[in-house]
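Hello,

Here is the structure for your set-up work. Please open it first, then read the notes below.

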Amino acid sequence: MLKPMAWLGGVLLIGAMSISMASMAIAHDVQTDAMRIAHPFATPTPPSAVNGAAYVDITALSDPVTLVGASSPVSSNVELHEMQMDGDMMQMRHVEEIRIEAGETYTMRPGGGFHLMLIGLTEPLKEGEQFPLTLTFAEQGDVDIEVWIQSAQEGSKAADGHHHH
Ligand SMILES: [Cu+2]
């Protein structure tokens, strides 16, 4: 009975690998000694929008990492925000830091949890374009990333695909 089961496992593994290779084509990440930042993206904004939001997935590799701030040339300010239900109202609040324990991944997605709020956009975020953003960590200092402007669905899908390998 052992042999057919091992063979089946091999087939499943190959299937999972080809899915992750397909999504690598539309995802990007940044790796440092301390962390992996998978597929930073921001959602497009209408021409009159004052603020935007960006999302990153951060994996702390061997030590905890604490995100304490961010900056970008596309907005006058970048704040760490958390979305929370207050009764039946969704509220955003400014948080001082986002801590990720060693070996853990924090996944930012549109619609809930943490995000990077781009406050005072200098121009609208246009789908298909990219912009630089600097993340500041308490332990590791600054990490420069490139944020892709994608729809919430497209960006989330690319980031989700990136976790499989
Ligand atoms: Cu916000």
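**What was found**

Ile98 sits in strand S7, which covers residues 98-100. With a relative accessibility of 3%, Ile98 counts as buried, because the cut-off for buried is under 20%. Beyond four places in sequence, Ile98 touches Val65, Thr66, Leu67, Leu80, Met108 and Phe114. Its C-alpha atom is 9.6 Å from that of Glu82, and the two residues are 16 apart along the chain. Glu82 in turn has Arg93 of S6 as its bridge partner.

**Model and confidence**

Note that this is a predicted model. The mean pLDDT of the chain is 86. Of its residues, 82% reach 70 or more. Confidence peaks in strand S4 (residues 65-71), with a mean of 98. Confidence is lowest in helix H1 (residues 2-24), where the mean is 47. Over residues 1-25, pLDDT stays under 50. For that stretch the model has 4 contacts beyond four places in sequence. Where pLDDT is low, predicted coordinates should not be read in detail.

**Overall layout**

The chain holds 2 helices and 11 strands. In order from the N terminus, the elements read α-β-β-β-β-β-β-β-β-β-β-β-α. The chain has 165 residues, and 38% of them count as buried. Its exposed area is about 9,300 Å². Carbon and sulfur atoms supply 58% of that area. Take the contacts between residues at least 6 apart in sequence: 68% of these join residues at least 24 apart.

**Strand pairing around S5**

Strand S5 spans residues 75-86 and strand S9 spans residues 113-121. They run antiparallel and are joined by 8 bridges. One of the residue pairs is Val78 with Leu118 of S9.

S5 also pairs with strand S6 (residues 89-94). This pairing is antiparallel too, over 6 bridges. Gln84 has Gln91 of S6 as its bridge partner. S5 and S6 form a hairpin, with 2 residues between them. Gly87 lies in the turn and has a positive phi of about 65 degrees.

**The copper site**

Which residues supply the protein donors of the copper ion? They are His81 through ND1, Met92 through SD, His115 through NE2 and Met117 through SD. The distances to the ion run from 2.1 to 2.2 Å. Along the chain, the donors follow the spacing H-x10-M-x22-H-x1-M.

The angles among the 4 donor atoms are 95 to 122 degrees. The site therefore counts as tetrahedral, because that label asks for all angles between 85 and 135 degrees. For comparison, the ideal angle for four tetrahedral donors is 109.5 degrees.

Two of the donors deserve a closer look. Is His115 buried or exposed? His115 is buried, at 3% relative accessibility. Its place is in strand S9. Leaving out residues up to four places away in sequence, His115 touches Ala53, Ala54, Tyr55, Glu79, Leu80, His81, Met83, Met92 and Met108. That list includes His81 and Met92, which are also donors of the copper ion. Met117 is buried as well, with a relative accessible area of 9%.

**Two more residues to check**

His39 lies in strand S2. Its phi is near 45 degrees, a positive value in a residue other than glycine. Most residues other than glycine have a negative phi. At 0% relative accessibility, His39 counts as buried.

Thr43 lies in the loop between strand S2 (35-42) and strand S3 (51-60). Why does Thr43 count as buried? Its relative accessibility is 16%, and the cut-off for buried is under 20%. Beyond its neighbours within four places in sequence, Thr43 is in contact with Ala53, Tyr55, Pro110, Leu125, Ile149, Gln150, Ser151 and Ala152. Ala53 and Tyr55 are among the residues that His115 touches, too.

Best wishes

Conventions
Residues numbered from 1 in each chain as written. Predicted model: local features only at pLDDT ≥ 70, side-chain atom pairs only at ≥ 80, totals over all residues. Heavy atoms only, no water. Helix = DSSP H or I, 4+ residues; strand = E, 2+ residues; numbered from the N terminus. Buried < 20%, exposed > 50% of the residue type's maximum accessible area, 1.4 Å probe, protein only. Contact = heavy atoms within 4.5 Å. Areas by Shrake-Rupley, 256 points an atom, 1.4 Å probe, with all protein chains shown as cover. Pairing = 2+ DSSP bridges. Donors = N, O, S within 2.8 Å, 3.2 Å for Na, K, Ca; no water. Tetrahedral: all angles 85-135°; square planar, octahedral: opposite > 155°, others 65-115°. pLDDT = per-residue confidence, 0-100.
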